[in-house]
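I'm opening my notebook on this one and jotting down what I look up as I go. Sheet first, then rings, then a pocket.

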Amino acid sequence: MANMFDYLDWRGDIPVSCDGFNEVDNLILSKLVYIDFAGIVPAPGQGRGVPLRSAMDAFFAARGPVDDMGVLVPDDIIELLRRAAQTARFGGMRLDAYEAVLDEEKEEQFAAVSFDCGDGTLYCAFRGTDDTLVGWKEDLNLGFMEVIPSQKQALSYLTSVARRHRRKGLRVGGHSKGGNLAVFSAVFAPEAVQKRIVQIYDNDGPGFNRDLTGTPEYKRVARRILALKPQASVIGQLLEHSRVKTVVYSTGSGVGQHNGFTWEVKGNSFVHMAELSREGKRNEDTLESVAEALSMPQRQAFVEALYEVLTGTGARTLSDLSEEKLHNAAGMLKTYRDLDAPTRQALFDAFKLLFKHGAKNFMRDVRTSQGHGLDELLRWADDARRRFFDQEPRHE
């Protein structure tokens, strides 16, 4: 099974100017934006870009060996940087306009960098969610806010990069939340900027709190949006999104398919599938059911309560939670007890709805695929759900 590393071995010796930019190139660049280029790549308008191979050398010289990107960001990104920088295809690409923002008060986590692809285009790469709890809180805010701070920042970033590079075509992309930012920035960019956009790459990014597909702004760029989703996508099917997607085969399982290093590559593209797998369709049904059942106030109460519980442990990153789980667990329980009754109820109700709709769709799928021989198991599971979740949380 070939992946991005195999692609670098196969195509790395040929520049983009000789063999055109493709969807695998896009994912590689959308992963490299997770690297902390602060002090290495100039900030917007602060100097000429640096080649990727030079940025790599400076990164390792300044940071030394790096082998941990956090709990959910793949450590393979470090090796991807090392190997991509040594190729003719990527090593000479100039990186410019590195920008990173982490603001707990505004609940914003944002980063972007621009790559000169060498074919007359720039690829504006937006980072997805990192290891910080603020980053995950901003992700959750997508469920009830029309616009989050990172989306505004992404629009400003794309507009300013386009203004400074007026003769360049534009590619815009990202993975996970970065894909959402890429679509948002392209949809709401000034029409003059939109006309210069060659392609928009949404690599398994979540959708939006409102349907953008019917807006004039969206329609102007819709045909240039390439939404890549693994066959059992979870993250990429959250919230409102276009039904037009390109399904790619992943060797991962469950949420692990969100990791782009599991996407199978053949030649200069991913291995495509005709449609989502049975699991992917079940995920889609489940997420739609939960979204329809939760009101906006419920979504907000749930998100605020969950964030209060997690930050009450003293953790600031997911890695903090992992490394001090016993201490943090005690802090989480205390914080949960201290929440007011309505907020605790909202948190409880949200988990209850998620389980209820998820179990219902799973069991329906089992029936469809294997007949009615599992009736006894289904009755047992339904009884367990009622006994566990149909009890109201106790209010002290």
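**Entry 1: the sheet**

I started with S2 and S3, which pair in the antiparallel sense over 8 bridges. This is a predicted model, so I keep that in mind throughout. For one bridge between these two strands, I looked up Asp 96 and found Ser 114 in S3 as its partner. S2 and S3 make a hairpin, with 4 residues between them. I checked the turn too: Glu 107 there has a positive phi of about 55°.

Next I went outward from strand S2 (residues 94-103), which pairs with S1 in the antiparallel sense over 2 bridges. Val 50 has Leu 95 in S2 as its bridge partner.

Then I went the other way. Strand S3 (residues 108-116) pairs with S4 in the antiparallel sense, over 5 bridges. Val 113 stands opposite Ala 125 in S4.

After that the sense changes to parallel: strand S4 (residues 121-126) and S5 pair that way over 6 bridges. Thr 121 has Gly 169 in S5 as its bridge partner. S5 and strand S6 (residues 197-203) also pair in the parallel sense, over 6 bridges. Here I noted Gly 173, whose bridge partner in S6 is Tyr 201.

What order do the strands of the open sheet have? I wrote down S1-S2-S3-S4-S5-S6-S7-S8-S11, which is 9 strands with mixed pairing. The edge strands are strand S1 (50-51) and strand S11 (272-273), and each pairs on one side only.

**Entry 2: a closer look at S5**

How many residues of strand S5 (residues 169-175) are buried? I got 7 of its 7. In a regular strand, side chains alternate between the two faces of the sheet. In S5, Gly 169, Arg 171, Gly 173 and His 175 point one way. Leu 170, Val 172 and Gly 174 point the other way, and the residues on both sides are buried.

**Entry 3: rings**

I counted 13 aromatic pairs. One of them is Phe 184 with Phe 188, a tilted pair at 4.7 Å centre to centre and 45° between the planes. Why are these two about one helical turn apart? Because they are 4 residues apart in helix H7.

Buried or exposed, I wondered about Phe 184. Its relative accessibility is 5%, so Phe 184 counts as buried. Phe 188 has 25%, so Phe 188 counts as partly exposed.

I also found a cluster: ring pairs link Phe 21, Tyr 123 and Tyr 201.

Two arginines caught my eye next. Arg 11 lies over the face of Trp 10, at 3.8 Å from the ring centre. Arg 82 has its charged end over the ring of Phe 60, 4.4 Å from the centre of that ring.

**Entry 4: the second largest pocket**

I noted a volume of about 290 Å³ for the second largest pocket. Its lining has 23 residues, and those nearest the centre are Tyr 218, Ile 225, Ala 227, Ser 242 and Val 244. Two elements give two or more residues to this lining: helix H7 (177-188) and strand S7 (225-230).

Which element gives the most to the lining of the second largest pocket? That's S7, with 4 residues. Sorted by class, the lining has 10 nonpolar, 8 polar and 5 charged residues.

Terms used:
Residues numbered from 1 in each chain as written. Predicted model: local features only at pLDDT ≥ 70, side-chain atom pairs only at ≥ 80, totals over all residues. Heavy atoms only, no water. 1 Å grid on protein atoms, 1.4 Å probe; cavity = no way out; pocket = protein on both sides within 12 Å on 5 of 7 lines; lining within 4 Å. Points joined across faces, edges and corners; volume = space filled by probe spheres on them. Nonpolar A, V, L, I, M, F, W, Y, C, P; charged D, E, K, R; others polar. Phe/Tyr/Trp six-rings, centres within 6.5 Å; stacked < 30°, edge-to-face > 60°. Buried < 20%, exposed > 50% of the residue type's maximum accessible area, 1.4 Å probe, protein only. Lys NZ or Arg CZ within 6 Å of the ring centre and 35° of its normal. Pairing = 2+ DSSP bridges.
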